[in-house]
Amino acid sequence: VIKQDDDTLKVTRAFGKEERTITYRFDGRESVNRLPTGVDANTPFTFVSRWEGQRLVSRVTWKGPSGPRERIETLWLEGETLVLQNTRPAPTAASEPIVETHVYVRKR
C-alpha cells in the first residue's frame, strides 16, 4: 500500500508474515523506521530521502551486528510497476557493489 501527501511517502510492505510501514520524508530530514531483520526485529533504520528527477533516493543507515551499515534505496514507477532497488557497497575492494531489485505490480 502506498500513500503520499505533500511531505511524505508511506509504503506498507510485507516482511514475511509481518507488515511494516516505511516513511520517506521529502524535506531531507531523517525518518526512523523499524524493519524486521536478522538478530533484532526492531532495529531502527534511518532514512534520509531526496528526489532525483522521478526517483526517490534514500540513504539508509543502521547498526548491524558487525557495526554501522549503509545502503542506497531507490524507488520509481514504470507504468503500473513500482521498482525498489537497494545498493550496498562492495564487501571487499575486489568485488562489485551488491544490488537487489524488487518489482511490485499494482493489483486491481
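These legends accompany a set of close-up views of a predicted model.

**View A. Confidence along the chain.**
Before zooming in, here is how the predictor rates its own work. The protein chain has an average pLDDT of 89, and 95% of its residues score at least 70. Among the elements of the chain, strand β8 (residues 81–88) has the highest mean pLDDT, 94. Strand β2 (residues 8–15) has the lowest, with a mean of 87. As a reminder for any close-up, predicted coordinates should not be read in detail where pLDDT is low.

**View B. R20 and E18 form a salt bridge.**
The closest N and O atoms of this pair are 2.5 Å apart. Is R20 buried or exposed? R20 is buried, because its relative accessible area is 15% and the limit for burial is under 20%. Its partner E18, at 32%, is partly exposed. Across the whole structure, a search turns up six salt bridges, and the next two views show others from that search.

**View C. R50 and E52 meet through their side chains.**
Here, too, a salt bridge is formed, with an N to O distance of 2.5 Å. R50 counts as partly exposed, with a relative accessibility of 42%. E52 is likewise partly exposed, at 42%.

**View D. A salt-bridge network joins R25, D27 and R29.**
Which residues are brought together by salt bridges that share partners? They are R25, D27 and R29, which make up one network. Within this group, the side chains of D27 and R29 meet at 3.8 Å, N to O. R29 is exposed, with a relative accessible area of 51%, while D27 is partly exposed at 44%. In general, side chains of opposite charge can pair when their charged atoms come close.

**View E. Y24 and F47 make an aromatic pair.**
Three aromatic pairs are found in the structure. In the pair shown here, the ring centres of Y24 and F47 lie 5.4 Å apart, and the pair is edge-to-face because the planes stand at 90 degrees. The contact links distant parts of the chain: Y24 belongs to strand β3 (residues 18–25) and F47 to strand β5 (residues 43–52), 23 residues apart. Both partners are tucked away from the surface probe: Y24 is buried, with a relative accessible area of 1%, and F47 is buried at 0%.

**View F. F26 and W51 form a tilted pair.**
The two rings are 5.4 Å apart, centre to centre, and their planes differ by 45 degrees. F26 sits in the loop between β3 and β4 (30–35) and W51 in strand β5, so this pair ties together parts that are 25 residues apart in sequence. W51 is partly exposed, with a relative accessible area of 41%.

**View G. R55 places its charged end over the ring of W76.**
The charged end of R55 is 3.8 Å from the centre of the W76 ring.

**View H. The largest pocket holds about 490 Å³ of space.**
Which residues come closest to the centre of this pocket? Of the 19 residues in the lining, they are V1, I2, L82, Y104 and V105. At least two lining residues come from each of β2, β3, β7 (67–78), β8 and β9 (98–105). Strand β2 provides the largest share of the lining, four residues.

Technical notes
Residues numbered from 1 in each chain as written. Predicted model: local features only at pLDDT ≥ 70, side-chain atom pairs only at ≥ 80, totals over all residues. Heavy atoms only, no water. Salt bridge = Lys/Arg side-chain N within 4 Å of Asp/Glu carboxyl O. Buried < 20%, exposed > 50% of the residue type's maximum accessible area, 1.4 Å probe, protein only. Phe/Tyr/Trp six-rings, centres within 6.5 Å; stacked < 30°, edge-to-face > 60°. Lys NZ or Arg CZ within 6 Å of the ring centre and 35° of its normal. pLDDT = per-residue confidence, 0-100. 1 Å grid on protein atoms, 1.4 Å probe; cavity = no way out; pocket = protein on both sides within 12 Å on 5 of 7 lines; lining within 4 Å. Points joined across faces, edges and corners; volume = space filled by probe spheres on them.
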